[in-house]
Amino acid sequence: LGQCMSAQWLTPQMDRLFLEGASGRRRFLDRLILGFDPDHASPVAAYDHSLRSRAKMLRDGVKDAGWLASVEDSMASHGVAIAVRRKDAVERLLPYCGSPYGPFPGAEITLTGELESWLSDGPALAAEERMKSRLAASRDLDAEHGSASVGPHRSDFAVRHMGNGSEAARCSTGEQKALLVGLVLAAARLQAHERGHMPLLLLDEI
């Protein structure tokens, strides 16, 4: 279905997107990406599955190095694919959200995270190998914390108001709402340009 159409939505609960945890911002960005890159769903689902599988194996005390390495290999390949797609999407979105659009301010958007810094320093294959090494070395620590210490689930989506130069989290609630609407409309314009049709926009209490 995602190959034929897509939907973007805003609800009042999302008004605190820039004030709460990074997980909500990652989900928001991934949903924007699905509008013009529906294949993005595949590595996201595969990575989440491998992330949960590894966490359960470590929690259950699995010591099979080959089995763990296989799951970590899947995490690294899908994790880097996610980071590459996000990085590419942000670069494609910048021309559409970097300038004011009607009453909505321009926004500077960036991805922050260890994995993203690796991709800036070298090729994707090198980032995969680096991630696999880190995962193997952090098994004991990750078993204690119940998660993985590195991966796209640790990244954040940073937004800055181009009009006043402030980070979105430091803007007023009205400015944050305007930034949020502007980002959704920017993604819709990008989709219209690249796929030839607008997404369905569901705007609750706009």
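Start by selecting S155, which sits in the loop between α6 (139-145) and β3. You are looking at a predicted model, so treat each stop as a feature of that prediction.

**Stop 1: S155 and its surroundings**

Is S155 buried or exposed? With a relative accessibility of 1%, S155 is buried, because that value falls under the 20% cut-off. Now show the side chain of E116 as well: a polar contact of 2.8 Å links it to the side chain of S155. To fill in the rest of the setting, add A22, R26, R86, T112 and G113, which, along with E116, are in contact with S155 when neighbours within four places in sequence are left aside.

**Stop 2: F157 and the largest nonpolar core**

Next, select F157. Which residues does F157 contact, leaving aside its neighbours within four places in sequence? They are R25, F28, L29, V90, I109, T110, L111 and L183.

F157 also belongs to the largest nonpolar core, a set of 29 residues. Colour F18, F28, I109, F157, V159 and L183 together, since these are the members that touch the most others in that core. Then bring up the elements α1 (22-36), α3 (65-97), β2 (107-112), β3 (156-161) and α7 (173-195), each of which contributes at least two residues to the core. Helix α7 is the biggest contributor, with 9 residues. Before leaving this region, look for a separate core of 16 residues, which includes W118, L119, A127 and A148.

**Stop 3: A89 in helix α3**

Move on to A89, which you will find in helix α3. A89 counts as buried, because its relative accessibility is 0%. Not counting residues up to four places away in sequence, A89 touches I33 and F36. For a distance check, pick the C-alpha atoms of A89 and L190: they are 9.9 Å apart in space, while the two residues are 101 apart in sequence.

**Stop 4: L1 and the surface patch**

Finish at the surface with L1, placed in the segment before β1 (7-10). Why does L1 count as exposed? Its relative accessible area is 79%, so L1 lies over the 50% cut-off. Add M5, W9, L200 and L202 to the selection, and you have a nonpolar surface patch formed by these residues with L1. Together, the residues of this patch have about 510 Å² of accessible area.

Conventions. Residues numbered from 1 in each chain as written. Predicted model: local features only at pLDDT ≥ 70, side-chain atom pairs only at ≥ 80, totals over all residues. Heavy atoms only, no water. Patch = residues over 30% accessible without salt bridge, like charges linked within 9 Å, V, L, I, M, F, W, Y side chains within 5 Å. Areas by Shrake-Rupley, 256 points an atom, 1.4 Å probe, with all protein chains shown as cover. Salt bridge = Lys/Arg side-chain N within 4 Å of Asp/Glu carboxyl O. Helix = DSSP H or I, 4+ residues; strand = E, 2+ residues; numbered from the N terminus. Buried < 20%, exposed > 50% of the residue type's maximum accessible area, 1.4 Å probe, protein only. Core = buried A, V, L, I, M, F, W, Y, C linked by side-chain atoms within 4.5 Å. Contact = heavy atoms within 4.5 Å. Polar contact = N/O pair within 3.5 Å; in protein donor to acceptor, adjacent residues only side chain to side chain.
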